[in-house]
Amino acid sequence: MHTTATTATHCPYCALQCGMNLRPTGDGSVEVEEREEFPVNRGALCGKGRTAPALLSSRVRLTGPLVRSHATGRLEPATWEEALDRTAEGLARTRAAHGPDSVAVFGGGGLTNEKAYALGKFARIALGTSQIDYNGRFCMSSAAAAHQRAFGLDRGLPFPLSDVPHTGCLILVGSNLAETMPPALRYLTELKENGGRLIVIDPRRTRTAAQADLHLAPRPGTDLALALGLLHLVVAEGRTDEEFIAARTTGWTETRAAAMAHWPELVERVTGVPVPKLRAAVEMFCAPPTGMILTARGPEQQSKGTDTVSAWINLALATGRAGRPHSGYGCLTGQGNGQGGREHGQKADQLPGYRKLTDPAARAHVAEVWGVDPDTLPGPGRSAYELLDALGTDLRALLLMASNPVVSAPRAAHVEERIRSLDFLAVADVVLSETAALADVVLPVTQWAEETGTTTNLEGRVLLRRQALTPPPGVRSDLDVLNGLAARLGPGLGRPALEKSFPTSPEEVFEELRRASAGGPADYSGISYRAIGEHQGVFWPCPEGTPPPGTPRLFLDRFHTEDGRARFVPVGHRDSAEVPDEEYPFLLTTGRVVAQYQSGAQTRRVDELNAAAPGPFVEIHPRLAERVGAAEGRPLAVVSRRGRAVAPARITDTIRADTVFMPFHWPGEGRANTLTNPALDPVSRMPEFKTCAVRLEPLDD
């Protein structure tokens with residue numbers, strides 16, 4: 001499919017899902033052009049989006065299946081029939097010997113809605129396993145859990161991004177939009193041009209924080225105490241919206257009492273943020289009639305991430321800044337389909353339409369769509385890290401799609417050991433990632449420009465990526481992979497072939513997804529490919545018969561709870577799972593840089609991006625550098641209880657003097673996630689990526 005027409009589609013990277021046009025170049029490839037009519041980015045693109053076609057090159061991608069030779073132990077080229085046969089045999093053999101829950105499935109937040117839906121269905125009816133989760137657990141799960149218990153519904157943003165410039169004050173917690181979502185920075189610029197105020201909360205003075213009217217720099221892991229301290233001041237200064245609280249919420253009495261236990265001086269001692277700055281933040285947020293609070297991975301990737309997000313939601317509710325125009329709480333979803341990926345069944349406890357796997361009515365509805373007995377659907381399985389940690393024990397085989405946990409998982413060296421201990425591993429990916437390199441079978445799959453499918457961006461806007469190119473002849477789509485495996489697994493498990501249950505047409509899968517989601521919280525039944533194309537996307541929920549563009553703004557009349565009221569959740573500060581001590585006296589936090597993305601499996605293969613961000617580094621304050629004897633550009637070892645990483649020191653006064661920062665995009669000796677702590681949030685099962693105790697050891701070159 002090499003056409004001369006320009007194809008309107010979307011970027012393959014972050015949850016903005018920026019619109020772009022792809023124009024054929026004449027040599028079988030495409031180049032990116034601006035798509036100014038798409039409202040989210042209005043033509044603006046970051047370097048990753050501009051260079052996205054570079055990954056389509058056969059120089060950097062997989063172009064045919066690989067199978068590990070029994071004779072040499074190396075991955076060697078194979079036919080698709082050989083690769084699919086070997087994969088089906090490995091999964092079926094393990095299942096027969098050890099039971100269905102000995103086989104696990106691990107998905108990714110970059111999969112389209114159609115693929116995520118099909119993968120969850122495949123795990124539950126083709127393999128019969130409960131052991132499925134995905135890497136999105138590492139991204140938005142704490143915010144999702146807090147959303148659910150406060151509002152009864154989880155959609156990252158309850159309003160379009162275009163509302164942000166019209167609020168009176170925005171609190172941005174633990175997000176560096178300038179580097180993670182550069183095209184979104186214009187919304188902050190427009191906010192300030194409109195007279196709005198910006199408060200940024202981050203232990204580093206990032207490029208985003210540099211734009212703020214007020215920057216608060218708490219110690220990593222103390223965002224919960226900070227939110228409680230601000231709510232304490234709101235109450236003490238008489239700034240609560242009592243009318244809103246009485247009319248639209250429940251649980252305020254207990255929440256107010258919990259906040260009053262966190263007085264300003266205590267919060268200063270815990271967070272390191274001076275009391276005058278706490279008071280300034282409350283004044284700035286409460287002075288205008290509207291306000292928004294947006295959180296990202298900073299407060300969420302903690303062992304208390306759900307409670308931390310709940311504390312920020314409580315602040316929004318107490319001030320009446322929720323469920324009203326130009327006000328509200330939202331989560332800045334990270335991965336390209338991080339929103340849709342958590343709605344349609346690849347999570348351990350979930351069925352399509354954001355239904356609960358433990359709900360009998362949900363099981364009955366989805367089972368009817370799938371043509372199976374509800375009693376045959378397995379129950380909830382392990383969360384992402386718990387699944388990875390169990391590999392090689394009772395989990396003996398793994399099918400993995402669109403994820404690279406060898407680099408991206410917490411305690412990554414341990415996760416790599418667990419993956420190596422498997423009896424069988426099959427990986428479907430576009431490149432030979434560090435995880436794929438360990439596989440018994442590698443299945444090369446199509447990329448964003450070579451396939452059609454939907455994604456759901458951080459606003460809850462369902463979008464359509466359109467195929468612009470024919471993939472190389474040795475590459476197939478993930479839907480083809482699942483179809484081929486289902487055809488082989490059905491008879492092998494004593495059942496007729498299942499391939500008819502796994503169509504290869506994305507639109508056919510989407511039509512089934514619509515029916516499966518109907519009546520659920522994330523109802524897509526009124527969305528079609530045609531409506532998406534005609535309206536620049538459709539917002540869910542969109543039940544059958546809802547006119548496009550669906551529901552751009554949630555909660556203006558009622559929240560998605562039984563009584564329509566939002567729920568305050570009383571929370572109290574507690575320490576992180578690890579705090580500094582004599583042996584590990586400093587705090588490590590991790591994050592991204594503008595030219596790389598997630599585990600770097602894709603972006604590290606793009607020359608222009610590698611030139612801009614060639615490798616990891618250890619960012620520390622000059623006072624900390626002097627204390628430990630570190631020098632600019634010299635190798636510095638960062639050591640935690642889980643391992644050791646080495647990278648050049650980068651010395652700057654834009655970070656707290658007790659804090660160490662490392663980006664997490666690289667494998668090898670600079671692998672930051674070797675250090676991170678897998679301590680889990682008790683509600684969301686989110687690992688504590690954002691803070692752990694470390695020591696520093698300067699090294700000779």
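## Salt bridges between side chains

In this predicted model, Arg23 and Glu31 are joined through their side chains by a salt bridge, with an N to O distance of 1.8 Å. Arg23 is partly exposed, at a relative accessibility of 32%. Its partner Glu31 is likewise partly exposed, and its relative accessible area is 32%. The pair belongs to a total of 45 salt bridges in the structure. Side chains of opposite charge can pair when their charged atoms come close.

A further salt bridge connects the side chains of Glu511 and Arg514, at 2.8 Å from N to O. Both residues belong to helix H20, which spans residues 506-517; because they are three residues apart there, about one helical turn separates them. What is the exposure of each partner in this helical pair? Glu511 has a relative accessible area of 32% and is therefore partly exposed, since that class lies between 20% and 50%. Arg514, by contrast, is buried, because its relative accessible area of 14% falls under 20%.

## A long-range bridge and a charged network

Glu583 and Arg695 also form a salt bridge, and their closest N and O atoms are 3.7 Å apart. Glu583 is located in the loop between strand E22 (566-567) and strand E23 (586-591), whereas Arg695 is part of strand E30 (residues 692-698); the pair therefore ties together parts that are 112 residues apart in sequence. Glu583 is partly exposed at 48% relative accessibility. Arg695 is also partly exposed, with a relative accessibility of 24%.

Salt bridges also link residues into a network, and its members are Glu237, Arg239, Arg279 and Glu283.

## Aromatic pairs and a cluster

The model contains 11 aromatic pairs. One of them is formed by Trp252 and Phe568, whose ring centres are 4.9 Å apart. The angle between the two planes is 45°, and the pair is classed as tilted. Which parts of the chain does this pair link? Trp252 is in helix H9 (residues 252-260) and Phe568 is in the loop between E22 and E23, so the contact joins distant parts of the chain, 316 residues apart. Trp252 and Phe568 are both buried.

Elsewhere, three phenylalanines, Phe151, Phe555 and Phe559, make up one aromatic cluster.

## Arginines over aromatic rings

Two arginines are placed over the faces of phenylalanine rings. Arg204 lies over the face of Phe661, at 3.6 Å from the ring centre. Arg650 is positioned over the face of Phe617, and here the distance to the ring centre is 3.6 Å.

## The surroundings of Ala426

Ala426 is a residue of strand E17, which covers residues 424-429. Is Ala426 buried or exposed? Ala426 is buried, because its relative accessible area is 0%, which is under the 20% limit.

With neighbours within four places in sequence set aside, the residues in contact with Ala426 are Thr87, Leu398, Leu399, Leu400 and Val441. A separate distance places Ala426 relative to Ala436: these two residues are 10 residues apart along the chain, and their C-alpha atoms are separated by 7.8 Å.

Note on methods. Residues are numbered from 1 along each chain as its sequence is written. This is a predicted model: local features need pLDDT of at least 70, side-chain atom pairs count only at pLDDT 80 or more; totals for chains, interfaces and linings use all residues. Side-chain values use heavy atoms; hydrogens and water are left out. A salt bridge is a side-chain nitrogen of Lys or Arg within 4 Å of a carboxyl oxygen of Asp or Glu. Buried means under 20% relative accessible area, exposed over 50%, partly exposed in between (1.4 Å probe, protein chains only). Helices (H or I, at least four residues) and strands (E, at least two) are DSSP runs, numbered from the N terminus. Rings of Phe, Tyr and Trp (its six-membered ring) pair if their centres lie within 6.5 Å; planes under 30 degrees apart count as stacked, over 60 as edge-to-face and the rest as tilted. A charge sits over a ring if NZ of Lys or CZ of Arg is within 6 Å of the ring centre and within 35 degrees of the ring normal. Contact means heavy atoms within 4.5 Å.
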